[in-house]
Amino acid sequence: MPRFSVIIPCFKVQGFLRECLDSVLDQSYRDIEVIAVDDCSPDGCGAILDEYAARDERVRVLHLEENVGLGRARNAGMPHATGDYLFFLDSDDTLTPGALRAMTDRLTETGDPDVLVFDYARTYWWGGTRRNVLARVLAEAGDGTFTAAEHPEILDLLMVVWNKVYRRDFVEREGFTFPPGYYEDTPWTFPVMFSAGRIATLDRVCLNYRQRRQGNILSTTSRKHFDIHQQYERVFAYLDARPELARWRPFLHAKMGEHCLDILAKPDRLPPSDKAEFFRRTAEMFRAQRPEGAQVPAGLRVLEHGYAAYQLRRQTGRAGRELGRRAQRARGAVAGRLGRVRTAVHIRRPLDPDLVVYSAFSHRGVLGDPAAVYRKAQEIAPRLRGVWVVRDEEYAADTALLPPGTDHVILGSSRYRRVTERATYFVNNVNWPGAVAKRPGSVHIHTHQGTPLKYMGADLLGKPGARLGLDVPQMLRRADRWDYSLVANRYSELVWERAYPCHFTSLRTGSPRNDVLVGARPEDGAGFRHRHGIPDDHRVVLYAPTRRDYRRGGHVERIDPARLAADLGDGHTLVVRLHPSLAAGPARGMGLAELHRRGVVVDATDEPHVEEVMLASDLLITDYSALMFDYANLDRPILIHADDWGAYAASRGAYFDITAEAPGHVARSYRELAWLLASGAWRDEEAARLRSAFRDRFCEFDDGRAAERVVRTLMLGEPMPTPAPVPRRRPAPADRDLLTSS
């Protein structure tokens with residue numbers, strides 16, 4: 001008996017069907033059966049299904065003699081299912097890699113619940129991807145099982161059939177089937193969720209929900225959208241037949257009203273001549289099904305009046321939104337004029353020689369190079385008053401980003417304007433907003449965010465894909481305010497002067513944030529290990545992939561973290577840190593968050609201080625992340641995984657070939673990476689030689705005194721010796737091979 005019966009109804013989807021089937025059959029978890037239902041499709045779907053069935057015994061094909069529609073095609077497949085769980089997959093959607101393995105692990109972990117709800121991402125025809133906006137509901141549901149009554153927020157999720165798997169004996173016992181017509185998911189999902197005694201969630205993107213440019217049934221203008229009323233009538237009848245579920249009637253009543261009004265508001269659903277009738281039928285059902293004594297939510301009270309009142313409200317709402325947009329533009333224009341007036345007034349006031357304004361990573365908090373300079377200024381120049389710019393009150397309240405007692409201003413506030421108009425020193429690793437005026441006598445210190453491998457600044461002008469959404473001329477105008485550009489090596493000095501052809505002076509100070517790496521002690525990094533429960537005797541492997549510019553959204557999973565963690569074996573902990581630009585996108589939901597929750601890996605993407613993460617690790621595996629240049633200061637092994645170097649360099653541009661001048665051995669495939677780890681080559685003499693040459697070139701000015709050099713020379717006007725040569729140091733001990741298996 002297979003674990004999953006994947007039922008796939010097919011009708012006029014020949015352009016997407018192969019991708020759908022491949023996404024299922026190529027899963028690492030193979031204990032499945034696929035029941036593909038050819039719903040008398042007039043295109044090549046039937047032939048494609050027969051082709052797949054001929055070469056994979058897990059595929060069975062049902063050819064229906066007439067077209068019966070999506071719901072009844074699913075019904076046709078159910079009697080043939082033998083799996084523990086039913087999974088209804090639409091034939092234009094796809095599974096994400098590792099999805100079925102994650103599902104079965106979660107089902108086992110929760111004792112085979114009636115329903116498992118998982119996450120999905122919308123994938124758009126133009127290449128964009130957007131994760132389910134209510135993904136937090138899955139994480140907040142907890143580790144165990146529950147009922148809908150115990151966690152009603154689960155019903156806020158999209159009530160469709162394909163973001164869940166269902167225990168087959170539960171479905172058969174309750175007699176759930178799909179009705180004909182549009183919106184056939186409605187009378188399936190509500191009864192299922194109301195009745196399920198044990199529901200579990202999986203906070204992982206397991207399915208890509210294709211948003212087709214055309215051909216989506218629900219985006220077709222038709223009277224078939226009137227089916228929604230009958231579908232809800234079926235759900236109300238289900239509740240009427242089960243008095244123990246009567247508590248759900250007020251909820252369903254409101255949900256029905258919201259759903260029908262949403263359909264009415266969509267411009268592509270109903271013919272204009274039918275909208276009044278649709279409203280009337282909705283209002284009639286809303287009155288007929290209203291529970292006794294139920295309060296009508298404010299947004300649904302329009303159903304208690306006529307269609308004319310509904311139209312007036314819609315028109316008023318549109319007019320109000322337009323007036324709001326016009327008022328906002330007017331306020332912006334007035335604010336700009338007032339800002340210029342205020343700036344003119346304050347420019348007549350002298351600069352404060354002891355005022356330093358700091359910002360890092362677009363005003364996130366006390367981080368990176370600016371933080372290192374700030375702390376050193378507090379230590380050796382207490383007369384200097386440092387003020388941090390933070391993005392909003394939420395960031396200001398985060399003590400990990402802004403320690404208690406730190407003087408700060410909120411971006412755009414009146415105090416922000418006063419501070420930036422009077423400060424003498426500005427320290428940032430990102431360009432300041434355009435509204436910050438460069439006054440004569442002020443000193444702008446730009447720290448950058450590390451040694452660059454990929455193209456930056458003006459060099460992106462020849463890379464249209466990489467500079468998508470980036471205004472390079474504006475970036476250079478803002479860089480014209482720099483007085484000093486800090487560099488850690490002569491290579492960076494040349495790159496920054498080429499990428500930012502502006503009027504600044506390069507200073508060979510070293511990177512202030514790397515001071516803690518240069519002077520690292522054995523106990524450094526213990527705080528990170530303790531917070532994440534990493535045993536003291538574990539070897540910590542840090543995997544830090546960067547974003548790709550050849551893929552919209554930037555995320556490409558080149559290594560499966562679960563596989564790598566399993567191959568590392570006992571005595572090892574895998575720590576994964578995604579590129580910051582991927583932290584809020586779908587990348588975390590593609591399995592990383594779930595692996596972190598289960599303790600398979602440690603997700604360090606949100607760790608504010610990357611220096612701590614590096615100090616806690618014994619080995620870095622990366623592709624093309626600039627983190628490698630900082631990590632080299634630790635003189636610990638580095639492996640480069642460069643299986644797509646050609647595509648990366650062609651799309652983004654690179655200043656040199658990292659595979660030819662690497663800080664350690666280079667793997668061109670996961671198999672090669674596994675061999676390097678298992679064989680011990682990752683720490684052999686050649687690895688040490690490569691690392692030493694890399695450090696000599698790219699850690700040239702990092703001597704542990706970079707922050708002090710900035711404060712003394714640029715703020716206090718004191719002399720400071722030039723950086724000492726890069727110190728030689730012994731690599732971290734490594735007395736056993738890293739992989740237990742490959």
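Two residues are in contact when heavy atoms of theirs lie within 4.5 Å. Keep that in mind as you click around this model, which is a predicted one.

**Stop 1: Met103 and the core around it**

Select Met103. Which residues does Met103 touch, leaving aside its neighbours within four places in sequence? Its contacts are Phe4, Phe87, Leu116, Phe118, Val165, Leu202 and Cys206. Now widen the view: the largest nonpolar core has 101 residues, and Met103 is among those with the most contacts inside it, along with Phe4, Phe87, Ile154 and Trp188. Colour helix H9, residues 249-265, next; with 7 residues, H9 gives this core its largest share. Apart from this core there is another one, of 55 residues. To find that other core, select Trp482, Leu627, Ala632 and Phe656, which are among its members.

**Stop 2: two helices side by side**

Go back to H9 and add helix H8, residues 227-240. The axes of H8 and H9 come within 11 Å and cross at roughly 175 degrees. Angles over 145 degrees count as roughly antiparallel, so that is how H8 and H9 run relative to each other. Show some side chains where they meet: on H8, try Ile228, Tyr232 and Phe236, among others, and on H9 include Leu252, Met256 and Ile263. What kinds of residue make up the contact of H8 with H9? They divide into 9 nonpolar, 3 polar and 3 charged.

**Stop 3: the open sheet**

Switch to cartoon view and look for 7 strands in the order S12-S11-S10-S13-S14-S15-S16, paired in parallel as an open sheet. At the edges sit S12 (408-410) and S16 (505-507), each pairing on one side only. Neighbouring strands here are turned by 25 degrees against each other on average, if you ignore direction. Zoom in on S10 (residues 352-359) and S11 (residues 385-390), a parallel pair with 4 bridges. Select Val356 and you'll find Gly386 of S11 opposite. Then add helix H14, residues 414-422, which packs on the sheet and touches S10, S11, S12 and S13. The direction of H14 makes about 105 degrees with that of S13.

**Stop 4: two unusual backbones**

Most residues other than glycine have a negative phi. Now select Lys12, in the loop between strand S1 and helix H1: its phi is positive, near 55 degrees. Lys12 is partly exposed, with a relative accessible area of 49%. Finish at Asp112, in the loop between helix H4 and strand S6. Asp112 also isn't a glycine, and its phi is positive at about 55 degrees. Is Asp112 buried or partly exposed? Asp112 is partly exposed, with a relative accessible area of 28%.

Technical notes:
Residues are numbered from 1 along each chain as its sequence is written. This is a predicted model: local features need pLDDT of at least 70, side-chain atom pairs count only at pLDDT 80 or more; totals for chains, interfaces and linings use all residues. Side-chain values use heavy atoms; hydrogens and water are left out. A nonpolar core is a set of buried Ala, Val, Leu, Ile, Met, Phe, Trp, Tyr and Cys residues joined through side-chain atoms within 4.5 Å. Buried means under 20% relative accessible area, exposed over 50%, partly exposed in between (1.4 Å probe, protein chains only). Axes are lines fitted to C-alpha atoms, for helices over the stretch in contact, and angles run from 0 to 180 degrees between N-to-C directions. Angles under 35 degrees count as roughly parallel, over 145 as roughly antiparallel, 65 to 115 as roughly perpendicular and the rest as oblique. Ala, Val, Leu, Ile, Met, Phe, Trp, Tyr, Cys and Pro count as nonpolar, Asp, Glu, Lys and Arg as charged, and the others, Gly among them, as polar. Two strands pair if DSSP finds at least two bridges between them.
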